[in-house]
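Reader: I am a first-year student, and I should be grateful for a close look at the part of this model where the two chains meet. Please take me through it in one connected account.

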Amino acid sequence: MSDDAIYPKTMTSRRSFLGAGLALGGAALAKPALAGDGEAAILEKQDWTQYLGDGVDARPYGHPSEFEKNVVRRNVSWLTADPISSVNFTPLHDLDGIITPNGLCFERHHAGIAEVDPAQHRLMINGLVEKPLVFTMADIMRFPRENRIYFLECAANSGMEWRGAQLNGCQFTHGMIHNVMYTGVPLKLLLQEAGVKTNGKWVMPEGADASVMTRSVPLGKAMQDCLVAFKMNGEALRPEQGYPLRLVVPGWEGNMWVKWLRRLEIGDEPWHHREETSKYTDLLENGKARRFTWEMDAKSVITNPSPQAPLLHKKGQTVITGVAWSGRGTIDRVDVSIDGGRNWKTARIDGPSFDKSMHRFYYDFDWDGSPLLLQSRAMDSTGYVQPTKKQLRVERGTNSIYHNNGIQTWHVKANGEVENVEVS
Amino acid sequence: MSKYLRIAIMAWTAIFIVTPALAGKFNLGRGATEAEVAAWDIDVRPDGKGLPDGKGTVAEGEVIYTEKCASCHGVFGEGIDRWPVLAGGHDSLKSERPVKTIGSYWPFLSTVFDYVNRAMPFGQAGSLEADEVYAITAYLLNLNDLVDSEFELSKQNFVKIRLPNETNFIADTRPDTPIIAEGEEPCMTGCKPGPVKVTGTARVLDVTPAGDKDKSDSLD
């Protein structure tokens, strides 16, 4: 955790956490005391109201305000052996709406960030096709394009929480997700260009990075809604998101969205490669393991308040907000509980509701200042209801790592501090 | 049928059969050469499809493994620090702390060959010769007590080797928790019997970055 000097102690020490929390939110957001005629913020002239700022030539590529410098991806160093094959987390508690800014989209790569020269990048289609083809980036840009907003969630998101509450912050418990508008070419058009033979049943996307990532994708999904994307939120993919080309597999686990996409092979059988055998299979209590668990189940989490975003304003009008998503469709409703799941109120979904995209919800209420056990529960367009962690453990035990979409509980204390807890 | 029509049909057929690139309607991209396909098409399947010619013994594998792999994965495949464990873990899958290795968990040997060949050693992907990959794969079988030290693995005997956990993989049976029928809603009031209690906190289960964490809690 070298990039976040202000944060690492929160993992070890409660006191330093509160310190960090107050330093972050407290200074900027706590109610300032009125002295004499009024607030200095109004009575005294601010520098920015008096002096000139930077010109249009100062920031050719804009960046956030210096006051937002704590809004960054963070990693947890002990999770993996090496930051080259590791993961960092989206700061969900600092975001609103449904779009994740490009620089904050969590990263997971297996051999570091490949820096690919687009002029040297090629996409090959081979295997059970009429004619193996090679495309340059310029070729790909000549196919008809689509724009789609989709969430990408790592199947291991919340994976550290199977045995019990572990990490204090929705960035760490739920931050292996981002929601982005992709511009790309339907995979179907590329495959049709090569002509898939009738015995072709599976597609194997392969990355150009040093992990040469591969997965087996059933042809039906490939032809249905997969995209080969080159833009995210309007601009070129970021290197860490697969520049210049990545696969988009809507609603399915992030590992399948192969980055730095260089090859698509068509076959009649799945490949059973490392990322669909050793990894991304879900070990159950009886020793059996589910494989090809592609779909991401409906899930939600309250992002504010949460351990990294305490409720510092004390009692009164309070905004609870969070995000919900489902790999099987749209989110029909999100319910919020303030008493640990005994009683529920339906939250307000605001902003666009797209298929397999994040939804933003709000629950506005008058907090009486007493401790809260906050939960959110999503229900998707198929009627699937986000389960409790207990329900999941009964079905799967605690060793399946992946696909933990259980209901999250945050304990808001009277002093506004928030903690990741498990409840009865 | 008129002569001209027949010629026209033959010409069309010829276009579609002889140059099927025109199957695509955009006529974009170019044909991949055989050498290009061979350069990238290295994937191996459980049925042996994709295996290159070659062979290697356990003894040869031990030499290469010790030199190129043991610094991370350990002399016995036990994994140094948090680097992946490659051997052992037998009968651990139902235990509190499963150890998932090639011997205890992986369903197919082809995955070992394919993965080592494409991605290892970490930082020098694709640097191993086919014979070296056969030898390392043989050695990894030996480290997992699946073949004796005299064993030689080759393209010919490859698919005869089965891993012990192959039959323990099942189809996805989700959704495995309740779905609400149309028009109904989930429980909204009195959904739990009494006041809800905190049963565990991140503080109690908190984990220190000190590095002595049990490996099975890691992510990858």
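Author: Two strands are said to pair if DSSP finds at least two bridges between them. With that in hand, one may turn to the structure, which is a predicted model.

A pairing of this kind links the two chains. Strand S14 (residues 289–290) of chain A and strand S4 (residues 169–170) of chain B run in the parallel sense and are joined over two bridges. Within this pair, A:Arg290 has B:Ile170 of S4(B) as its bridge partner.

The chains also share a sheet. It is open, has six strands and follows the order S8(A)-S7(A)-S12(A)-S3(A)-S4(A)-S1(B), with mixed pairing. Strand S8 (217–218) of chain A and strand S1 (30–31) of chain B each have a single partner strand and stand at the edges, so one side of each lacks a neighbour in the sheet. Elsewhere in this order, strand S3 (residues 122–127) of chain A and strand S12 (residues 261–267) of chain A run parallel and are joined by four bridges. There, A:Ile125 stands opposite A:Leu264 of S12(A).

The contact as a whole may be described next. Chain A contributes 112 residues to it and chain B contributes 87 residues. The size of an interface is often given as the accessible area lost when the parts come together. Between chain A and chain B the buried area is about 8500 Å², and carbon and sulfur atoms give 56% of it.

Charged and polar groups meet across this interface as well. Nine salt bridges are found between chain A and chain B. One of them joins the side chains of B:Lys49 and A:Glu265, at 4.0 Å from N to O. In addition, 49 residue pairs are in polar contact across the interface, with both residues at pLDDT 80 or more. On the side of chain A that touches chain B, strand S23 (residues 418–423) of chain A gives the largest share, five residues. By class, that side of chain A has 41 nonpolar, 34 polar and 37 charged residues.

For comparison, here is a set of strands within chain A. Strand S6 (residues 177–186) of chain A is mostly covered, with nine of its 10 residues buried. S6(A) runs antiparallel to strand S5 (residues 146–153) of chain A, and eight bridges join the two; here A:Phe151 has A:Asn179 as its bridge partner. S6(A) is also antiparallel to strand S9 (residues 227–232) of chain A, over five bridges, and A:Thr183 stands opposite A:Lys231 in S9(A).

Terms used:
Residues are numbered from 1 along each chain as its sequence is written. Chains are lettered from A and ligands numbered from 1 in the order in which they are written. This is a predicted model: local features need pLDDT of at least 70, side-chain atom pairs count only at pLDDT 80 or more; totals for chains, interfaces and linings use all residues. Side-chain values use heavy atoms; hydrogens and water are left out. Contact means heavy atoms within 4.5 Å. Buried area is the accessible area (1.4 Å probe) that two parts lose on being put together, summed over both. A polar contact is a pair of N or O atoms within 3.5 Å; within protein, one must be able to donate a hydrogen and the other to accept it, and residues adjacent in sequence count only if both atoms are side-chain atoms. Ala, Val, Leu, Ile, Met, Phe, Trp, Tyr, Cys and Pro count as nonpolar, Asp, Glu, Lys and Arg as charged, and the others, Gly among them, as polar. Buried means under 20% relative accessible area, exposed over 50%, partly exposed in between (1.4 Å probe, protein chains only).
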